[in-house]
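Trainee: I would like to learn how to read helices, loops and surface features from a set of coordinates. Please take me through one case.

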Amino acid sequence: MTQQPAATADKLDAAVLKVAGVVVLGAIMSILDVTVVSVALPTFQAEFDASYARVAWTMTAYTLALATVIPLSGWAADRFGTKRLYMVALALFTIGSGLCATADTIGQLITYRVLQGLGGGMLLPLGTTIMTRAAGPNRIGRLMAVLGIPMLLGPIGGPILGGWLIDTASWHWIFLINLPIGAVTLVYAQLALPKDNPEPSESFDFLGMLMLSPGLALFLYGVSSLPEAGTFADRQVWAPALVGAALLVGFVAYSFKPRHPLLDLRLFANRNLTVATVTLFVFIIAFMGAGLLFPAYFLQVRGESTLAAGLLIAPQGIGAMLTMPLAGTLADRVPVGRTVPFALVLILLGFFAFTQVDAGTSYWLLCGSLFVMGLGMGAAMMPLMTAALKTLHPQEVARGSTLVNILQQIGGSVGAALMSVILTNELNGSQPIPGATDPSGEPITQAGLAIAAQQQPELLQQFPVPPSLIERGLDFAAGSYATTFWIAFALVAVTFVPAAFLSRRNEPSHLPDDPQAEQGKSPILIH
């Protein structure tokens, strides 16, 4: 009996695990930076005197930058080599982190977050390419389970770490902490990653990139400007939104013409990829967008510290930790149409409690609901991503993975912008306090003062108001959050529509068993 090659053995060998260490470290840096910042948004509001929709751009700009470089990663890896490019991405992310800590205005912080995202966006897809070449792509579910480690640590550790750093030091340290980690990972990557072997690559669709990225940024900027402008008729809203929408429509029409487009929309001819991707896209808009508001509710309405807010949302990550590895392993064996609907039911059950929040909702109920949502999220994400890629032919995998990943990032950006716009618009409806204005001359609302007083009680000395007014303000703020969560709940419910078309039978995989079968091609890119 011939011995099975190490690359395709049931267990990953020591050489692969050494490479995996580099990939996981880089992924942890990239993913933690999303969740760490989520608890800092109210801090940014106070620090830079900006609306929630404005500071939410520190998240949206980062994820848009991720989406921009994901399609570039596969082409550049073939052109310049994965190790060299991975180390450049690490350096860019680390430098961007340092610059974020020096920001004096919200505009500077958003700009530096873009730079950070350009580096962070390449870490996971490049790392996955390195891992796939080392271990072989024949067991994609197992590989996704391994790479799910940082996805589990992010939702649990990110908010807690961010809260602790903000409470004990300052918001600057949520970025400064990346400097020593980035330096260590750079040295580790130099020692552990295999030597580069760049090969000729397909041409890159620069024209498509010039339409898609600015189109998304302009469209989301216009939509996010709505709460401050107050009407769609304002030029700040409709002008960028209209130009962005035109660029996106032009991109879709153009993308069927090049031989190697930025996003190969022709792959949507594959029914399994289409259904899984649409399901994932709608789910991420709802879940990731509302996920930013969970810590904000605890901070603004309940007056918790950033560390306490991080601890309170940790049950969501714990729930995902229990189901994600199992779901990744079962994704190769159990039809996705038989598992994902049950996961979505769990998410809806957990979400419902947040549609009922007020200024005194039980923490036991909310933490239990987050845990149930985490169970559902962990059971849904890996099977959907696996189903999208499993039935593609080997030559389609890299392009299919790029398509899934960039749509995933776009969904997160749309969700963050949509939910922050809805929340800000709801909060703007609060009654103004007669005679009270902020330094810019704008009237201060009951909800605005109540939220600010939760973190800065000394404001009540500057604006002496009866306790009943603060209570009404907090009730109104809680109602604003509940309304926003209702919309997210409805979007999760809509996810059942495409999920109903997921395959209920085992689909044969076209992925090769031989890790060398696609040598010279950029394999699976996962984010």
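Mentor: This is a predicted model. Start with helix 9, whose buried residues are Asn178, Gly182, Thr185, Ala189 and Ala192.

Trainee: Which side or sides of helix 9 do they occupy?

Mentor: The general idea first: an α-helix has 3.6 residues a turn, so residues three or four places apart point the same way. Here the buried residues span an arc of only 105° around the axis, which places them on the same side of helix 9. On the other side, Val184, Val187 and Leu191 are exposed.

Trainee: How far does helix 9 reach from its first C-alpha to its last?

Mentor: Its 15 residues, 178-192, cover 20 Å between those atoms, close to the 21 Å expected at 1.5 Å a residue.

Trainee: Which residues of helix 2 are buried?

Mentor: Helix 2 runs over residues 41-48, and its buried residues are Leu41, Pro42, Phe44, Gln45 and Phe48. Viewed down the axis, they fall within an arc of 160°, so they line one face of helix 2.

Trainee: How many residues of helix 14 are buried?

Mentor: Helix 14, residues 293-300, is mostly covered, with 8 of its 8 residues buried. Among them are Phe294, Tyr297 and Phe298, along with Gln300.

Trainee: What should I look at just after helix 2?

Mentor: Look at the backbone angle phi. Most residues other than glycine have a negative phi. Asp49, which follows helix 2, has a positive phi, near 50°, although Asp49 is not a glycine.

Trainee: Where is Asp49 found, and is Asp49 buried or exposed?

Mentor: Asp49 sits in the loop between helix 2 and helix 3 (52-55). Asp49 is exposed, with a relative accessible area of 64%; the cut-off for exposed is over 50%.

Trainee: Which residues form a nonpolar patch on the surface?

Mentor: Ile318, Met321 and Leu322 form such a patch, with about 260 Å² of accessible area together. Of these, Leu322 can be placed in helix 16, residues 314-330.

Trainee: How many disulfides does the structure hold?

Mentor: The count is 0 disulfides. To judge a pair of cysteines, look at the sulfur atoms, which must lie within 2.5 Å. As for cover, Cys100 is buried at a relative accessible area of 0%. Cys367 is buried too, at 17%, where the cut-off for buried is under 20%.

Terms used: Residues are numbered from 1 along each chain as its sequence is written. This is a predicted model: local features need pLDDT of at least 70, side-chain atom pairs count only at pLDDT 80 or more; totals for chains, interfaces and linings use all residues. Side-chain values use heavy atoms; hydrogens and water are left out. Buried means under 20% relative accessible area, exposed over 50%, partly exposed in between (1.4 Å probe, protein chains only). Helices (H or I, at least four residues) and strands (E, at least two) are DSSP runs, numbered from the N terminus. The expected span of a helix is 1.5 Å times one less than its number of residues. The arc is that of the directions from the helix axis to the C-beta atoms. Patches are made of residues with over 30% relative accessible area and no salt bridge: like charges are joined within 9 Å, nonpolar side chains (Val, Leu, Ile, Met, Phe, Trp, Tyr) within 5 Å. Accessible areas come from the Shrake-Rupley method with a 1.4 Å probe; for residues, only the protein chains shown count as cover. A salt bridge is a side-chain nitrogen of Lys or Arg within 4 Å of a carboxyl oxygen of Asp or Glu.
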